[in-house]
Amino acid sequence: GDGDGDGNGNGDGGGGGGVDEASPLRARIQSATALDPRGTVTYRLPASSHSSASRDSRLVAEPVRETAPFLVQLWLFFRRALLQHYRQWSRVAVNLFLHLLIGGVVGASFYAQSRNKDKPPIYLPPVAPFAAASCPEVIRERCEDEPLSDKGLTQVSFIVTLTVVGASTIAALVTFGHEKAQTRREAESGVLLPAYFVAKAMADIPVLLLATSVMTSFFYFFVHLNQPYDQVFALYFLVNFTAAGMGYVISLLARPENATVMACFATIFWAVFAGVTPSLRDVQNSVPWLLWIWAISFPRWSSEALYVGQVQHYADSFPISRSLAHKGFDIDNIPLDMGVILAIGIAYRVLAFGILAWQNRT
């Protein structure tokens, strides 16, 4: 070479006569740093190479580009997720249409029973205490404890919960399930998975709000409910929120071709434990050691919230507390019901993130 070589290849211009250890060693360091998103990797040389390489500090550490902070990545992923919703507007429209059908069809099917004065309402409270005293002794306890009719209310609660959970769970399968390969590539390049996951889940919130608004507006119009609209809206938003979290978990565990079937199965499975049939009191009397399944079933809590909200209207004139105890419900449990549904929805998301992180571990 034309440089000032010292015989070992360490001079300017390359030097002559020696073996240049810098090139292969630098390539090894750069290949190591390219896989590390944290900024700088320190690579220690073998003992035999220390003397020749110590004069070039660039061989000890090679800087690489630093990844963006968490909040920056969160904002970028959130914008991208919203743009995905905008570009895939037909998918969002189908989800909204399904919720419109749920509110309209289910509500219309109970319209005559809830609005027509010539037909019994969806709920008739127990008879007043003075009237229960005149019932035959054989059925006096039933007169005091059981409502005259609550079949319509239990049917409304079960059907609406079943259909809403099914629609929201299936709609949530595309949030993470269709991006598994892309997520793995981005994770290997240094992307922060918590920012990606939180942003995608946050971008689904506006869609859940729209779907809940469409469903509850039609449902509340057709079915005569005694509880205020905002309480019904909050209840079914939480149901949609939790069902979407369940959809995240299913989409990450199942293959795309099997995810829809698993979502339908999970919906039906949890609807069985909604506390309608059998009632919670029947379960407590027969198989109390299985009550924990009902405790983690969010349809059980939504059923109680809708049922209790409807019968609270009669609390001042009829023995509602005893009637609710006969079902296994409590008249003061609506805040607890909504809190448990929210907690289950958050738990589903924590579980989904754990699965995502495990699948993309490096």
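This is a conversation between a student and a tutor about reading a predicted model of a protein.

Student: Let's start with the big picture. How many helices and strands does the secondary structure come to?

Tutor: The count is 19 helices and two strands. The protein has 362 residues, and buried ones make up 44% of them.

Student: And what about the surface? Which atoms supply 62% of the exposed area?

Tutor: Carbon and sulfur atoms do, out of about 19200 Å² that the protein exposes.

Student: What share of the contacts joins residues 24 or more positions apart?

Tutor: Among contacts with a separation of 6 or more, 75% are between residues 24 or more positions apart. Let me show you a few cases of chain parts meeting. Leu210, in helix H12, has its C-alpha 7.2 Å from that of Leu96, although their positions lie 114 residues apart in sequence. Leu210 counts as partly exposed because its relative accessible area is 47%.

Student: Where is Leu101 found, and how far is its C-alpha from that of Phe219?

Tutor: Leu101 is in helix H4, residues 89–109. Its C-alpha is separated from that of Phe219 by 9.5 Å, with the two residues 118 apart along the chain. Leu101 has 36% relative accessibility, so it counts as partly exposed.

Student: Now the rings. How do I describe a pair of aromatic rings?

Tutor: You give two things: the distance of the centres and the angle of the planes. This model has 16 aromatic pairs. One of them is Phe219 with Tyr236, at 6.3 Å centre to centre and 75 degrees between the planes. An angle over 60 degrees counts as edge-to-face, so that is the label for this pair.

Student: Which helices hold the two rings?

Tutor: Phe219 is in H12, residues 205–222, and Tyr236 is in H13, residues 229–253. They are 17 residues apart, and the pair links distant parts of the chain.

Student: Are Phe219 and Tyr236 buried or exposed?

Tutor: Phe219 is buried, because its relative accessibility is 0%. Tyr236 is buried too, because its value is 0%.

Student: Which rings form a cluster?

Tutor: Phe77, Phe176, Tyr196, Phe197, Tyr248 and Phe353 form one aromatic cluster. Rings can have a charge over them as well. The charged end of Arg349 is 3.6 Å from the centre of the Phe241 ring and sits over it. Likewise, Arg361 has its charged end over the ring of Trp358, 4.4 Å from the centre.

Student: What is the general idea behind a nonpolar core?

Tutor: In soluble globular proteins, nonpolar side chains tend to be buried together. Here the largest nonpolar core has 76 residues, and the ones touching the most other members are Val160, Phe219, Tyr236, Met246, Phe298 and Leu324. H13 gives the largest share of this core, 14 residues. Take Val160: leaving aside neighbours within four places in sequence, it is in contact with Val106, Met215, Phe219 and Tyr236.

Student: Tell me about H13. How many of its residues are buried?

Tutor: H13 is mostly covered, with 20 of its 25 residues buried. You can check its length too. At 1.5 Å a residue the helix should span 36 Å, and its end C-alpha atoms are 36 Å apart, so the two agree.

Student: Which residues of H11 are buried?

Tutor: They are Leu193, Ala195, Tyr196, Phe197, Ala199, Lys200, Ala201 and Ala203. That is eight of the eleven residues in H11, which runs over residues 193–203. These buried residues pack against H3, H9, H10, H12, H13 and H19.

Student: Can we compare two single residues? Is Thr267 buried or exposed?

Tutor: Thr267 is buried, because its relative accessible area is 6%. Thr267 lies in helix H14, residues 256–272. Not counting residues up to four places away, Thr267 touches Leu162, Val165, Gly166, Thr169 and Met246.

Student: And where is His178 found?

Tutor: His178 is in the loop between H9 and H10. At 53% relative accessibility, it counts as exposed. Not counting residues up to four places away in sequence, His178 touches Arg91 and Leu173. Its C-alpha is separated by 7.4 Å from that of Pro256, 78 residues apart along the chain.

Conventions: Residues are numbered from 1 along each chain as its sequence is written. This is a predicted model: local features need pLDDT of at least 70, side-chain atom pairs count only at pLDDT 80 or more; totals for chains, interfaces and linings use all residues. Side-chain values use heavy atoms; hydrogens and water are left out. Rings of Phe, Tyr and Trp (its six-membered ring) pair if their centres lie within 6.5 Å; planes under 30 degrees apart count as stacked, over 60 as edge-to-face and the rest as tilted. Helices (H or I, at least four residues) and strands (E, at least two) are DSSP runs, numbered from the N terminus. Buried means under 20% relative accessible area, exposed over 50%, partly exposed in between (1.4 Å probe, protein chains only). A charge sits over a ring if NZ of Lys or CZ of Arg is within 6 Å of the ring centre and within 35 degrees of the ring normal. A nonpolar core is a set of buried Ala, Val, Leu, Ile, Met, Phe, Trp, Tyr and Cys residues joined through side-chain atoms within 4.5 Å. Contact means heavy atoms within 4.5 Å. The expected span of a helix is 1.5 Å times one less than its number of residues. Accessible areas come from the Shrake-Rupley method with a 1.4 Å probe; for residues, only the protein chains shown count as cover.
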